[in-house]
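Here is a short briefing to read with the structure open beside you. Let's walk through the strand pairing together and then turn to the helix.

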Amino acid sequence: MADSLKIQVIYFAKIRELTGLTQETFTIRKGFTPSNVLGLIEEKHCIDLGVNFKIAINDEFSDWDFELRNGDNLVFIPPVTGG
């Protein structure tokens, strides 16, 4: 399909624990954003993650509304706490 893209999602910390996976490939529609992908993850794995994450696409920080492209690597970076 010309309107579908493949992306790789890499899981860390909370998402890795909840999904039991280190990474996962998704086929998404053109125009999808990290926000859309987070919804797919929550639906597929029956989990509620909230949106308290930073986004990295292809090793660079990005925004939730960035339009993903074919072959992108997406990482949801959990908040870091401590002192």
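**How the sheet is put together**

Val9 has Leu74 as its bridge partner in β5. Please keep in mind that this is a predicted model. From that pair of residues we can step out to the strands, then to the sheet, and then to the helix that packs on the sheet.

Pairing of β1 with β5
- Strand β1 covers residues 4–10 and strand β5 covers residues 73–77; the two run parallel, joined over 3 bridges.
- Gln8 is found opposite Asn73 of β5.

Pairing of β3 with β5
- Strand β3, residues 54–57, pairs with β5 in the antiparallel sense, and 4 bridges link the two.
- Here Lys54 has Ile77 as its bridge partner in β5.

The sheet as a whole
- Reading across, the order is β2-β1-β5-β3-β4, so to speak a row of 5 strands in an open sheet with mixed pairing.
- At the edges lie β2 (23–29) and β4 (60–62), each of which pairs on one side only.
- On average, neighbouring strands of this sheet are turned by 35° against each other, direction ignored.

The helix on the sheet
- Helix α2, made of residues 34–45, packs on the sheet and touches β1, β2, β3 and β5.
- The direction of α2 makes about 120° with that of β2, and β2 is one of the edge strands.

Terms used: Residues numbered from 1 in each chain as written. Predicted model: local features only at pLDDT ≥ 70, side-chain atom pairs only at ≥ 80, totals over all residues. Heavy atoms only, no water. Pairing = 2+ DSSP bridges. Axes fitted to C-alpha atoms, helices over the stretch in contact; angles between N-to-C directions. Contact = heavy atoms within 4.5 Å.
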